[in-house]
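The following exercises concern helix packing, nonpolar cores and backbone conformation. Each task is followed by a solution in steps.

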Amino acid sequence: MLRYAINTSTLASKYMLKQNHAKLHHQIKNLTTKTAVRENVFSQSKIFTPGTVYHGFMCMDIQEIKEFNMTAILFKHEKSKTEYLHVQRDDPNNLFSINFRTTPFNSTGLPHILEHTVLCGSKKYPVRDPFFKMLNRSLATFMNAMTGPDYTFYPFSSQNEADYRNLQAIYLDAVFQPNLNQLDFLQEGWRLENSDLKNPKSDITFKGVVFNEMKGVFSENGAIFGEEFLNTILPDHTYGFVSGGDPLHIPNLTVKDLKDFHQKYYHPSNARIFSYGNFPVERNLEICDRLYLNDCVGIDSAYSRVPSQPRWKSPVEKNIKCRFDKMGAPIENQNQIAIGYLMSDITNVYETFVLQFLSQLMVMGPNSPFYKSLIEPNISGGYNSVTGYDPQMKDTLFVIGLQDLEVNKFEKVKEIMDQTLHNVIKEGFTRTHIDSVLHGIELGIKHQSTKFGLNLLFNLTPLWNHEGSVVEAMQIGNCLDRFKINLKNPKYLQDMVKHYFLANNHKLTLTMVPDELYEENIAKKENELLKTKISNMTDLDKTKVYEQGLQLAEAQKIQQNIDILPCLTLNDIPKDVMKVDLTNKTLNAIPVQVCRANTNDVTYFRGILNMSEIPNDLKLFLPLFNATATKMETKNYSYREFDELINLNTGGLSISTHVANSIGDPFQYEQGVLLSSHCLDRNLEGMLSIWGEFFKKPNFRDTDRFKMLLDNYVSNLTTGVADSGHLYAMQSANSLVLGSSLLKENLSGMKHIEFIKGKMKSETTESMLEKMSTISDLLLDRSRLRIAINLSKMKIGKILPHFEQFCFGLPIVKSTENSKRNLDMENSFQKSINGLHYKNNFSVNYCAKSILTVPFRHVDYAKLRVLAKFLSSKYLHPIIREKNGAYGGGARISNDGIFGFFSYRDPNARITLDVFDDTDSWLKNCPNTILDDQAIFEAKLGILQQLDAPVAEYNKGLDEFLCGLDSEFLQNHRNNVLQVTKEDIVEVCEKYLSKERQDNHVIGKCVIGPGEANESGRVLSKTGEKWNTVEPDFEE
């Protein structure tokens, strides 16, 4: 259910719940149509012949995958028995990954901690943390390492072949020849350490990156529930344990265990290597064979196979406890239930396809049976995080789960579940509903993405891990053809439901209820574990703990010889930014940006509706409007009919708030609502007709429907806060320094959560419905609209007339003409506090500090951006993560000129804020061995990595449309970044970050978490600072 990842500087996501995984049959993207280049790619694959050996690899099979214009080539190394899959495709974003089947039999987090530790130095690269050091020596478009329930894999991608080879060398040596040093294990896994490193008599505590990471993971109730569901429904083998590690079991792990696990599971015979893109695969084969596989003796890797779970003879029910989320629903409603079934073997590719299709039919949208029976009666807060079909494990799962319901509804849910299944078997599905899901598959195949290779890897890895046919899985056309033939049997889908549900005794009903003492009990268990370990220690053991702490601290300070790591040079870096084919037009007084691109017969629409004239009290309800407006009935359609139209013609309608600052003045910003959708070119008229219907105003009259949508919206507000707490903390800190950031906070941050929950108590549903109608009347006006279109170069003459007709048909309320970007000037921003502490019952903290500096267009902006990268790698990462045990930390500057610091899953709070505050002092005393020209160049590379990231055809021109960042400006910014010197970053650090220059009008801080509770009574505020503490108890 969970996938754990090494954190990178983005810290966007540390683990992914299975419903967020890209799904092969529905989300594989990026179909290429460049025939000439495609023929060249296919010609490269023709040099291989099945049965022939190339650099020690026997070519086993070659198959053209016509659906995605690519060729799959399967190899097997003759000596080591390593399997290799290469997918040749006209895509410059090349990917490489080494995968291992890792099946732990305890919950100490063996595969997860090993994943971290192998990247801490290897035989050829004996440097501490080469993985993190390479983040700024590369133009990688993706770098990470991930642990799943029964696999670990190490993927990276790059558009630059020199860079690709550099990373390939680092990754291959890391996995096959890691150092696995004791000190690295202590840092990344867990350790006992004196709270005061200089005092051997001070208290001994638990520390460690993964130890704190997993405490953070299980601060999210969804993670507790998902892990327990997996462990319970598949109990007899590796899935019965926590692959990421249970914090109460992690301290049982030893470095010997780690080395033994590596020797066993990282053997080349247990490895699978994957590559993708347009780089020649022969070089990969030659490198792997010559350096790592040629001298290896193959073994039978059957020891790591996962057997099928023996099926239960009768269903199982289980109840567990979880933390009470103080930001969530009232405690009596904060319960969850899920009913799940063990389904097909993952290696049955066609059956997996059908079950995934069936899951879409049964669960998604108001026309699905379970939505009608479980969601619309409004007995809960909607589906929970485990809902859906999960094809990750050896035995696949289907689960229906609900969150935020009363305990007395559990029995009713079970009854409804059974009744719904009987109804499905009796009534089946409408042809229109089936066609809408088929349309989604077709559109998913055509929709382009820059992450095609990565999505392919994510989807194929679980199947390949269990020795399934990855080629068959990619040939989705065969599955579709077979499925359409089987649909001729009118009872085909009902028979599938009968077989996999009604006749299936391997059924788990898991319920979860909150316990107000949950954190206290977990803390007691952790403390008892600590006391037990300490009580079993001799004086010599305690001395060893003290000395190890000093050794680790000293090792973390030692200047590493990173010259042995490969690094790109200036000659490897493109000099120019990508040019975009844009034209600006006016259609019926509506500004329209047209981008001609290779959209593969798909048209993409975005629109921004200016919201500046909406009164401030109504503006705060806009996120709720966005979440409900397309789900209500319209002038001519019921909400079911409207949803059906959307799914038959588009990839869905999206509405979100949009606040973008001027690149030249942080006090000017555009505020609006962003509309977006895409469709096959043949359905363009249908998509525009749907938006035209939407502009006729949603009908906010159905109180029951709106109440259900409202309750679901509120239920999901706090989901994910524990996993993305650093983003919430940064946004809250930003809101203390800039008015536009305060607006963002009010529309999507902690303040929005407070606001909506408060309104749930103080306002009636009818009152909120009236507000939705008023917003609709004020917002849906073509005079407020500007549009961006991304379309096929060859079809502009056919497509633009449809948009012109669409623009002429939109309603108008006011007669003033649109401007391209209507920027509002910030009113006087009243700042009364310096800090916000959201005191929540998490086990870790998320810390942030924000400083208002200069906007994007300012001459100092590029210098500050380089400074942020330099500080992240040379100052914040070594102290916050390596020394102090947080999962991550860094600095960045946003387009509006806010320079921000952050930490993630942090056992500290005030200590971390002090690190932020001491930045200028550290830089002043920074030795030349750290602050040198190479370090500045690496910081620039980190920025160019972002500037040169591949852009999907459907996103070309989007920066200019949303933020005014045109190619000329970005080129100038690129040039400015490359010209930054080390003297420049010292200057801007002194100018903007020094304690002497900072005043209370430009600084904000935020901590989300227990704060001082973990630090023996430390307070967060310093002399002269004024903090507000927010106790999120508005539901108690």
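**Exercise 1. Backbone outliers in loops**

Task: Determine whether histidine 55 is buried, partly exposed or exposed, and describe its backbone and its place in the chain.

Solution. The model is a predicted one.
1. The relative accessible area of histidine 55 is 34%. Buried residues fall under 20% and exposed ones over 50%, so histidine 55 is partly exposed.
2. Its phi is near 50°, a positive value in a residue other than glycine.
3. Histidine 55 belongs to the loop between strand E2 (53-54) and strand E3 (57-65).

Task: Carry out the same analysis for asparagine 378.

Solution.
1. Asparagine 378 is not a glycine, yet has a positive phi of about 60°.
2. The loop that holds asparagine 378 runs between helix H12 (369-375) and strand E15 (388-390).
3. With a relative accessibility of 23%, asparagine 378 counts as partly exposed.

**Exercise 2. Helices H11 and H14**

Task: Classify the packing of H11 against H14 by angle, and state the composition of their contact.

Solution.
1. Helix H11 covers residues 349-363 and helix H14 residues 431-446; the two pack at an angle of about 120°, and their axes are 10 Å apart.
2. An angle of 65 to 115 degrees would count as roughly perpendicular and one over 145 as roughly antiparallel; H11 and H14 are therefore oblique to each other.
3. The crossing of H11 past H14 is right-handed.
4. On the H11 side, the contact is formed by Phe353, Phe357, Gln360 and Leu361; on the H14 side, by His433, Ile434, Val437, Leu438 and Ile441.
5. By class, this contact of H11 with H14 has 7 nonpolar, 2 polar and no charged residues.

**Exercise 3. The nonpolar cores**

Task: Which residues have the most contacts inside the largest nonpolar core, and which element gives the most to this core?

Solution.
1. The largest nonpolar core comprises 160 residues, and Phe274, Leu358, Phe483 and Phe501 have the most contacts inside it.
2. H11 gives the most to this core, contributing 10 residues.
3. Once neighbours within four places in sequence are left aside, phenylalanine 501 is in contact with Tyr341, Met343, Leu358, Met362, Phe398 and Leu421.
4. Another core, of 91 residues, lies apart from the largest one; Tyr125, Phe229, Ala338 and Val545 are among its members.

**Exercise 4. Two further helix pairs**

Task: Describe the geometry and contact of H27 with H28.

Solution.
1. The axes of helix H27 (residues 739-748) and helix H28 (residues 750-762) come within 5 Å, crossing at roughly 50°.
2. The pair is therefore oblique, and H27 passes H28 in a right-handed crossing.
3. Leu742, Glu745, Asn746, Leu747 and Ser748 of H27 meet Met750, Lys751 and His752 of H28.
4. The contact of H27 with H28 has 3 nonpolar, 3 polar and 2 charged residues.

Task: Describe H31 and H36 in the same terms.

Solution.
1. Helix H31 (residues 861-883) and helix H36 (residues 967-979) have axes that come within 9 Å and cross at roughly 60°.
2. This angle makes H31 oblique to H36.
3. H31 passes H36 in a right-handed crossing.
4. Tyr861, Ala862, Arg865 and Val866 in H31 are met by His973, Asn976 and Val977 in H36.
5. The contact of H31 with H36 divides into 4 nonpolar, 2 polar and 1 charged residues.

Note on methods
Residues numbered from 1 in each chain as written. Predicted model: local features only at pLDDT ≥ 70, side-chain atom pairs only at ≥ 80, totals over all residues. Heavy atoms only, no water. Axes fitted to C-alpha atoms, helices over the stretch in contact; angles between N-to-C directions. Helix = DSSP H or I, 4+ residues; strand = E, 2+ residues; numbered from the N terminus. Parallel < 35°, antiparallel > 145°, perpendicular 65-115°, else oblique. Left-handed = near helix turned anticlockwise from the far one by under 90°. Contact = heavy atoms within 4.5 Å. Nonpolar A, V, L, I, M, F, W, Y, C, P; charged D, E, K, R; others polar. Core = buried A, V, L, I, M, F, W, Y, C linked by side-chain atoms within 4.5 Å. Buried < 20%, exposed > 50% of the residue type's maximum accessible area, 1.4 Å probe, protein only.
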